[in-house]
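This report describes a single protein chain, moving from its salt bridges to its aromatic pairs and surface. The sequence and the structure are shown first.

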Amino acid sequence: MTYWPALPLSFFHACFYLARPFFDNGLPYAEMAGGHSSGFFAILIFEAILYAICLSFIILAMVYERGQLGYKQASLSDPLTGVGNRRAFLERGNELIRKRKNNTFPVQLILFDLDNFKRLNDQYGHAGGDSALVFFCNVVNSSLEQKDIFARIGGEEFACLTTRPREQAIRMAENIRSQLAQNSQHNIPMTVSVGMAFSEPDQDSISHLLIQADHALYRAKSAGKNRIELS
């Protein structure tokens, strides 16, 4: 936001130079410096120095703000997969729930947990586990819409918050589950268990949806994994 002060400052600076012909009668700088000026030249020099000083402070503020923005983005993203982290998911999710109070759009939560991840990690090492996480995120990202919120909220646990209607959200989750099962990277079958929770009119935070989805996910794991359970 700090670049906005530079716009009126530059406009004000340009106005001085546009007004110059009306005050110094078109005299060249050499003659004005020799004393053949109406006094506007001195004001012009003072304004130019003041403009350079103010612009320098604005540029420094812009550099500082960009650095702070970089730190903020880093604090809200998972360094391995590039998707949001738990903090980003909770912040954006609660904001979406608050907006929902004044609207009627649905909010659906999809909780993913990769199956057999410990076994995959043990056999292929952490590099294999990391590549599996990145691969899963790529599969999910190919199914997301712009408004969907997707984040890694645990080791091999991910969450997606969407405003799609209930049936469309279920189809998206099933599409992700089937794509992952058909395109495993390693000899160990790479599947995902899914728990889904659906919004209620009186919900005012994302926590309740997470609890519901977590219960559904536990049922999916207990029922044999690689399946979707609804809350």
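## Salt bridges and their surroundings

Arginine 177 has a relative accessible area of 15% and is therefore buried. The model in which this value was computed is a predicted one. The side chain of arginine 177 meets that of glutamate 174 in a salt bridge, with 2.6 Å from N to O. The two residues lie three residues apart in helix α7, so about one helical turn separates them. Glutamate 174, with a relative accessible area of 33%, is partly exposed.

The count of salt bridges in the structure comes to nine. Three of them are set out below.

| Salt bridge | Closest N and O atoms |
|---|---|
| Aspartate 78 and arginine 152 | 3.3 Å |
| Arginine 164 and aspartate 148 | 2.8 Å |
| Arginine 177 and glutamate 174 | 2.6 Å |

Aspartate 78 and arginine 152 form a salt bridge that links distant parts of the chain: aspartate 78 is in the loop between α4 and α5, arginine 152 is in strand β2 (residues 149-152), and their positions lie 74 residues apart in sequence. Aspartate 78 is buried at a relative accessible area of 11%, and arginine 152 is buried at 17%.

The salt bridge of arginine 164 with aspartate 148 joins two loops. Arginine 164 is in the loop between β3 and α7, and aspartate 148 is in the loop between α6 and β2, so the pair ties together parts that are 16 residues apart in sequence. Arginine 164 and aspartate 148 are both buried. Salt bridges also link Asp113, Asp115 and Lys221 in a network.

Arginine 152 also takes part in the surroundings of leucine 80, which is in contact with Asp130, Leu133, Val134 and Arg152 when neighbours within four places in sequence are left aside. Leucine 80 belongs to the loop between α4 and α5 (86-100) and is partly exposed, at 33% relative accessibility. Its C-alpha lies 8.3 Å from that of leucine 133, although 53 residues separate the two in sequence.

## Aromatic pairs

Three aromatic pairs are found in a search of the whole structure. One of them joins phenylalanine 136 and phenylalanine 158 in a tilted arrangement, 5.0 Å centre to centre and with 55° between the planes. Phenylalanine 136 belongs to helix α6 (residues 117-141) and phenylalanine 158 to strand β3 (residues 157-162), so this pair ties together parts that are 22 residues apart in sequence. Both of these phenylalanines are buried, and phenylalanine 158 has a relative accessibility of 0%.

Phenylalanine 158 also pairs with phenylalanine 150; these rings are stacked, 5.7 Å centre to centre, with 15° between the planes. Phenylalanine 150 is buried, its relative accessible area being 9%. Through ring pairs, Phe112, Phe136, Phe150 and Phe158 are linked into a cluster.

## Threonine 191 and the loop between α8 and β5

Threonine 191 is placed in the loop between α7 (166-182) and β4 (192-198). With a relative accessibility of 11%, threonine 191 counts as buried. Its side chain makes a polar contact of 2.7 Å with the side chain of aspartate 115, a residue that is also part of the salt-bridge network with Asp113 and Lys221. Leaving out residues up to four places away in sequence, threonine 191 touches Leu114, Asp115, Leu180, Ala181 and Asn226.

Asparagine 226 is found in the loop between α8 and β5 and is partly exposed, at a relative accessible area of 26%. Its phi is positive, near 50°, although the residue is not glycine. Lysine 225 lies in the loop between α8 (206-222) and β5 (228-230) and likewise has a positive phi, of about 70°. At 34% relative accessibility, lysine 225 is partly exposed. Most residues other than glycine have a negative phi.

## The chain as a whole

The protein chain has eight helices and five strands, which run from the N terminus in the order α-α-α-α-α-β-α-β-β-α-β-α-β. Of its 231 residues, 38% count as buried. Among contacts with a separation of 6 or more, 67% are between residues 24 or more positions apart.

The chain exposes about 13,400 Å², of which carbon and sulfur atoms supply 59%. On the surface, Ile45, Ile49, Ile53, Phe57 and Leu60 form a nonpolar patch with about 520 Å² of accessible area together. Isoleucine 49, one of these residues, lies in helix α4 (residues 40-75).

Definitions and conventions: Residues numbered from 1 in each chain as written. Predicted model: local features only at pLDDT ≥ 70, side-chain atom pairs only at ≥ 80, totals over all residues. Heavy atoms only, no water. Patch = residues over 30% accessible without salt bridge, like charges linked within 9 Å, V, L, I, M, F, W, Y side chains within 5 Å. Areas by Shrake-Rupley, 256 points an atom, 1.4 Å probe, with all protein chains shown as cover. Salt bridge = Lys/Arg side-chain N within 4 Å of Asp/Glu carboxyl O. Helix = DSSP H or I, 4+ residues; strand = E, 2+ residues; numbered from the N terminus. Buried < 20%, exposed > 50% of the residue type's maximum accessible area, 1.4 Å probe, protein only. Polar contact = N/O pair within 3.5 Å; in protein donor to acceptor, adjacent residues only side chain to side chain. Contact = heavy atoms within 4.5 Å. Phe/Tyr/Trp six-rings, centres within 6.5 Å; stacked < 30°, edge-to-face > 60°.
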